[in-house]
Amino acid sequence: IKFPNILENILISTMLDNILTAFEDGSRKVFFELWEEHIPQQIRDSQPLTQKLEFYLQIHFTIFPLKNSVGNPDKADTDERIFHFKKYLETRGATLSQTPEFLPFYALPFVPNPTVHPSFKELFQDSWTPELKMRLKKFLSMNLRAKNIPRLLSLYIVAKGKNMHQLQQQLVEAERRAAAYMKKYNKMQEDYHNLIGVTAELVDSLEATVNGKMITPEYLQSVCIRLFSNKMGQSLPQTIDFTRPGTASSMLRASIVPVKSKDVPLLPSLDYERLKNDLVYGNDRLKALLLQALRWRLTQSQAGEQRDTVLQAYISNDLLECHRSSQRSLFNLFNSKSEVVRQYTARLVNAFASLSDGRLYLSQNTVVLRVLEETLKAEEKDSITRENVLGALQKLSLRRVLQSTMIKDGIMFWLVNVLEDSDSLSDYTLEYSIALFMNLCLRTRGKQKCAEYASRVLKVLSDLLGHENHEIRPYVNGALYSILAVPSIRDEAKAMGMEEILWCFIKEGSSEMNRQIEFIIKQLNSEEMPDDVDTDEEEEEEDDEDEHEAMEADLDKAEVLKPQPAELSGEKLLTTEYLGIMTNTVKARRKPMPSLHQSFDEPLQRPVTPSTHRTTLLKKITHLKIHSRDQPLEIPQGQLIL
């Protein structure tokens with residue numbers, strides 16, 4: 001094998017990737033710097049085919065914001081691109097001014113809205129950009145040549161061309177794993193020291209027995225309890241009789257038997273670059289099938305290492321293009337003309353938001369939240385698309401920074417408008433709307449925003465207290481309790497007779513809900529003044545925790561896309577057409593932080609999601625069943641879905 005030939009191929013491949021990436025991202029300046037650096041001037045100036053290709057490339061970068069922007073394109077960016085295109089037409093592009101093929105494009109900089117002009121219809125067809133990319137790729141394959149540069153510099157260029165973000169991601173993951181192993185090592189060392197201490201005492205006891213001193217059963221019991229408490233990390237029942245022959249030795253042997261866990265295979269790696277390319281340039285049906293398959297891979301994988309590996313592969317390969325400011329982000333699919341594509345994009349994003357690391361990934365790019373907010377407001381009817389966008393926003397509201405942005409962007413006002421007509425909403429929309437509203441009400445700025453239209457907010461919440469869907473009661477109570485901390489809202493509530501309304505909802509057989517109502521009435525009659533310091537400054541930690549992880553069944557409900565006979569779908573589509581090599585990333589599972597649980601008698605005072613709130617209630621009820629065998633179990637009305 002000749003190393004120079006291999007190195008030359010690697011360098012050419014790196015240059016090709018860099019140029020094509022700049023083309024896809026619409027990075028005009030970067031692209032033409034690379035173009036001039038790697039395409040000889042003689043070829044650029046003398047070959048007609050090269051001049052024509054360069055002309056179309058100039059058009060591509062000029063209209064890029066018009067074709068790829070989420071929402072309205074940035075005016076300053078568009079004006080700058082038009083300026084450079086004019087300059088090109090007056091200089092290098094002037095040689096083609098007499099060519100009929102290009103003559104109409106000389107008017108492009110002067111047309112106010114080229115997207116609707118018949119002369120430029122071809123430029124805005126979905127096929128135009130991929131075809132131009134193929135022409136560019138073919139041209140580069142034939143004309144790129146590696147320069148004669150020192151070997152060390154060549155190696156540096158190769159390394160620089162790699163995905164630096166992925167390397168940084170792997171470094172972060174390695175550091176996290178190292179920290180986890182260090183914690184395990186410290187715990188093991190602590191257990192070792194405790195074991196040595198107990199062993200020393202047992203040796204002393206054995207020596208005392210040899211010398212004729214009796215060991216009391218109480219002493220043996222206390223030593224064994226210490227031994228097993230250190231081993232298991234918890235207190236042992238005092239009823240275990242360690243003085244009975246064989247008890248302690250049997251428990252010791254049983255404690256070191258390895259627990260056999262059911263092996264769950266990891267799902268095959270995928271070719272994410274090809275996946276992302278087809279999600280951008282494929283036809284609508286292929287896009288929908290891929291979005292469905294990627295979601296199923298997340299929702300139908302087994303919780304634990306299998307699902308963690310799927311999610312980390314999505315994140316490390318930047319499936320949604322959140323890690324860089326790319327204008328080919330998959331969030332552009334929310335602008336698709338296909339309702340199915342929009343719906344399945346929303347479902348996938350909602351699945352990401354259901355997991356803590358997924359929410360962290362989505363929060364990396366500020367554009368994500370804006371797109372979700374715009375999509376939510378644009379969906380006029382209560383559709384599955386709106387349900388999933390709303391669900392994603394509600395889960396993202398566990399993160400404090402995103403809470404602040406939502407409040408600033410007026411989401412609370414939109415929620416009040418929607419909740420005023422609660423009878424027309426689906427159960428999912430109703431539950432996630434009021435849960436999102438409650439999470440935002442917990443913030444000082446959220447309370448202040450409610451004070452601006454206090455009478456409407458109080459009217460909506462008081463109406464929801466009597467809604468037939470009792471699952472929303474904890475969130476209604478939590479929102480009321482939070483906003484009544486503001487004196488002006490308390491005054492408005494008293495003026496509308498809120499206390500009398502609240503007393504009407506105290507019923508027999510619902511002690512937890514009754515106590516929550518009593519807390520709200522106490523808050524209503526309070527004279528306390530609110531703290532003017534915003535909670536943004538009070539706490540730096542995020543509220544988002546691993547305990548807020550649940551894949552609700554609604555993510556896969558009412559599938560509208562059904563595969564046709566002999567058509568690939570789901571995991572079979574991914575592993576047949578998009579099989580990759582080593583794109584999975586195994587991540588050390590974070591140790592769950594101890595959560596700050598509050599009494600169920602009080603209204604909610606921490607951000608939650610409906611799915612995790614239901615899980616917490618189920619655990620509480622199970623706990624009560626175990627520890628209250630002799631007493632009837634009282635299940636609060638409206639706190640459990642059967």
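Phe55 is a good place to start: at 0% relative accessibility, this residue is buried. Keep in mind that everything here comes from a predicted model.

**The aromatic neighbourhood**

Phe55 has an aromatic partner in Tyr106, with the ring centres 5.7 Å apart and the planes at 50°, so this pair counts as tilted. Phe55 belongs to helix α4, while Tyr106 sits in the loop between α5 (75-90) and α6 (128-143), so the pair ties together parts that are 51 residues apart in sequence. Tyr106 is buried too, at 17% relative accessibility.

That pair belongs to a bigger picture. Ring pairs link Phe55, Tyr56, Phe85, Tyr88, Phe102, Phe105, Tyr106, Phe120 and Trp128 into a cluster. Across the structure, the count of aromatic pairs comes to 21.

Another of these pairs is Tyr428 with Tyr432: the centres lie 4.2 Å apart and the planes are at 20°, so the rings are stacked. Both tyrosines are in helix α20 (residues 427-441), 4 residues apart, which is about one turn of the helix. Tyr428 is buried at 8% relative accessibility, and Tyr432 is buried at 1%.

Here are the two pairs side by side.

| Ring pair | Distance between centres | Angle of planes | Class |
|---|---|---|---|
| Phe55 and Tyr106 | 5.7 Å | 50° | tilted |
| Tyr428 and Tyr432 | 4.2 Å | 20° | stacked |

**Polar residues on α4**

Back to helix α4, which spans residues 48-68 and includes Glu54. Is Glu54 buried or exposed? Glu54 is buried, with a relative accessible area of 4%. What does its side chain meet there? The side chains of Glu54 and Arg92 are joined by a polar contact of 3.0 Å. Leaving out residues up to four places away in sequence, Glu54 touches Phe32, Trp35, Tyr88 and Arg92.

Gln51 is also found in helix α4. This glutamine counts as buried at 18% relative accessibility. Its side chain reaches the backbone oxygen of Asp45 at 2.7 Å. With residues up to four places away in sequence left out, Gln51 touches Arg44, Asp45, Ser46, Tyr88, Thr95 and Leu96. So Tyr88 turns up in the contacts of Gln51 and in those of Glu54, and Tyr88 is also one of the rings in the cluster.

**Helix α11 and its buried side**

Helix α11 covers residues 272-281, and its buried residues are Tyr272, Leu275, Lys276, Asp278 and Leu279. They span an arc of only 165° around the axis, which puts them on the same side of α11. What do they pack against? The partners are α12 (284-299), α13 (305-316) and α28 (570-577). At the start of the helix, a side-chain oxygen of Asp271 comes to within 3.4 Å of the backbone nitrogen of Glu273.

**Two residues with positive phi**

Asp318 has a phi near 50°, a positive value in a residue that isn't glycine. This aspartate lies in the loop between α13 and α14 (339-353), and counts as buried at 7% relative accessibility. Ala566 also has a positive phi without being glycine, with a value near 70°. The alanine is placed in the loop between α27 (535-538) and α28. At 87% relative accessibility, Ala566 counts as exposed.

**Cysteines**

How many disulfides does a search of the whole structure find? The search comes back with 0. Cys441, for instance, is in no disulfide: the nearest cysteine sulfur, that of Cys450, is 3.8 Å away. A disulfide needs the two sulfurs within 2.5 Å, so a pair further apart than that doesn't count. Cys441 is buried, with a relative accessible area of 0%. Cys322 is buried as well, with a relative accessible area of 3%.

**How confident is the prediction?**

The protein chain averages a pLDDT of 79, and 75% of the residues score at least 70. Among the weak spots are residues 591-597, where the pLDDT is below 50; this stretch has 4 contacts in the model beyond near neighbours in sequence. Residues 621-642 also have a pLDDT below 50, and that stretch has 27 contacts beyond near neighbours in sequence.

Definitions and conventions: Residues are numbered from 1 along each chain as its sequence is written. This is a predicted model: local features need pLDDT of at least 70, side-chain atom pairs count only at pLDDT 80 or more; totals for chains, interfaces and linings use all residues. Side-chain values use heavy atoms; hydrogens and water are left out. Buried means under 20% relative accessible area, exposed over 50%, partly exposed in between (1.4 Å probe, protein chains only). The arc is that of the directions from the helix axis to the C-beta atoms. Contact means heavy atoms within 4.5 Å. A polar contact is a pair of N or O atoms within 3.5 Å; within protein, one must be able to donate a hydrogen and the other to accept it, and residues adjacent in sequence count only if both atoms are side-chain atoms. pLDDT is the predictor's confidence in each residue, from 0 to 100. Rings of Phe, Tyr and Trp (its six-membered ring) pair if their centres lie within 6.5 Å; planes under 30 degrees apart count as stacked, over 60 as edge-to-face and the rest as tilted.
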